[in-house]
Amino acid sequence: MPIIIKSDDEIAIMREAGSIVARTMQKLIAEVRPGLVVKDLDKTVRKEFETEGVIPTFLGYANPPYPATVCVSVNEEIVHGIPGKRVLKEGDVVSLDLGCTYKGFVADHAITVIVGKGDATAVKLVDVTKRALDIGIENLRAGNRIGVVGQAIQEYVEGEGFGVVRQYCGHGVGRAMHEEPQVPNYGPADKGPILKKGMVIAIEPMVTVGDWNTKVMADKWTVSTRDGSLAAHFEHTIAVTDNGPVVLTVP
Ligand code: MF3
Ligand code: CO
């Protein structure tokens, strides 16, 4: 599959999709507190997306079909956690990942928050992962190879003493949630296609306190660290423009 270039009109639609996802994400973050049953986050998304008239992109995705509208990955869970009966407690590290389809286009967005007050390691992990995404975005410029983005993320994260997950990557995004190219969160800088105006990319660093190796749990979706160490995940959908990177998943 080739890389699909988006027109300015298509990017404008994706910006609207991004706004809906980002505003819904803010609602979810406001709900996160000790005692919250994580399945309630899925209920909130279903209501919100129905009101907005958008499709929950994750629901029914792939095989076995993903059974919810949002991924909630707690502590050693990295991505693709299924919101169920789990009850959040003070200090939990909660990664929320959300996508919607609006007028045929997808926006994909993730954020990690700490329930109440986290310990120093958790706070640093979340800060470093968020900063890693910002560094990736800064490098998402026409003329750069995709590898430049990954190398910048990797150098920063490893310099802070954390691990970068290799088994899962960022991706092109458009009419499909996952389009070409793959966007690794690691180098080398001279790998991958050259970025061009009109590409829309989801950058999504997944960072671990310990080893970066992963395992898929018995539910066939939840991805955890193999060593049980804490993980965090941030993601934005970003357009490559003549004026540099434009983040689409903002309110
Ligand atoms: N942000 C995730 C990704 O890009 C969302 C996928 S969850 C799924 O892979 F359930 F839809 F697969
Ligand atoms: Co994604």
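Begin by selecting Thr 237, which you will find in strand E14, the stretch that covers residues 236-241. Keep in mind, as you look around, that this is a predicted model. The relative accessibility of Thr 237 is 0%, and because buried means under 20% relative accessible area, Thr 237 counts as buried. If you show its side chain, you can follow a polar atom of Thr 237 to the backbone oxygen of Asp 108, which lies 2.7 Å away.

Next, add Thr 249 to the selection, and look for this residue in the segment after strand E15, which spans 244-247. Thr 249 is buried as well, with a relative accessible area of 1%. Where does the side chain of Thr 249 reach a backbone nitrogen? The backbone nitrogen in question belongs to Thr 237, at 3.0 Å, which brings you back to the residue in strand E14 where the tour began. The side chain of Thr 249 also takes part in a polar contact of 2.7 Å, this time with the side chain of His 236.

Now turn to ligand 1, and display the residues around it. There are 13 residues surrounding ligand 1, and the closest are Asp 97, Asp 108, His 171, His 178 and Glu 235. You have already met Asp 108 through its backbone oxygen, which lies 2.7 Å from a polar side-chain atom of Thr 237; here it is the side chain of Asp 108 that deserves a look, since one of its N or O atoms is 3.0 Å from a nitrogen atom of ligand 1. A nitrogen atom of ligand 1 is also 2.7 Å from an N or O atom in the side chain of Asp 97. Select Glu 204 next, and you will see that a polar atom of its side chain lies 3.0 Å from an oxygen atom of ligand 1. On its own, ligand 1 has 330 Å² of accessible area, and the protein covers 95% of this.

If you colour the shell around ligand 1 by residue type, it divides into 6 nonpolar, 3 polar and 4 charged residues. A surface view is useful at this stop, for the space that ligand 1 takes is the largest pocket.

From here, select Val 106, which is placed in strand E5, residues 105-114. Val 106 counts as buried, at 1% relative accessibility. Add Val 173 and compare the two positions: they are 67 residues apart in sequence, while their C-alpha atoms are 6.7 Å apart in space.

The following stops concern the backbone. Find Pro 64 in the loop between strand E1 (55-56) and strand E2 (70-74), and look at the peptide bond that joins Asn 63 and Pro 64, which is cis, with omega of about 0°. Then move to Pro 181 in strand E8, residues 179-183, where the peptide bond from Glu 180 to Pro 181 is cis too, with omega near -5°.

To finish, select Asn 75 and Lys 220, and ask of each residue whether it is buried or exposed. Asn 75, in the loop between E2 and strand E3 (77-79), is buried, with a relative accessible area of 13%. Its phi is near 60°, a positive value in a residue other than glycine. Lys 220 sits in the loop between strand E11 (214-216) and strand E12 (223-225), and although Lys 220 is not a glycine, its phi is positive at about 70°. Lys 220 is exposed, with a relative accessible area of 62%.

Definitions and conventions:
Residues are numbered from 1 along each chain as its sequence is written. Chains are lettered from A and ligands numbered from 1 in the order in which they are written. This is a predicted model: local features need pLDDT of at least 70, side-chain atom pairs count only at pLDDT 80 or more; totals for chains, interfaces and linings use all residues. Side-chain values use heavy atoms; hydrogens and water are left out. A residue is near a molecule or strand if one of its heavy atoms lies within 4 Å of it. A polar contact is a pair of N or O atoms within 3.5 Å; within protein, one must be able to donate a hydrogen and the other to accept it, and residues adjacent in sequence count only if both atoms are side-chain atoms. Accessible areas come from the Shrake-Rupley method with a 1.4 Å probe; for residues, only the protein chains shown count as cover. On a 1 Å grid over the protein atoms alone, a cavity is a set of points where a 1.4 Å probe fits but cannot get out, and a pocket is an open set with protein on both sides within 12 Å along at least five of seven lines; lining residues have an atom within 4 Å of a point. A molecule sits in a cavity or pocket if more than half of its atoms lie within 2 Å of its grid points. Ala, Val, Leu, Ile, Met, Phe, Trp, Tyr, Cys and Pro count as nonpolar, Asp, Glu, Lys and Arg as charged, and the others, Gly among them, as polar. Helices (H or I, at least four residues) and strands (E, at least two) are DSSP runs, numbered from the N terminus. Buried means under 20% relative accessible area, exposed over 50%, partly exposed in between (1.4 Å probe, protein chains only).
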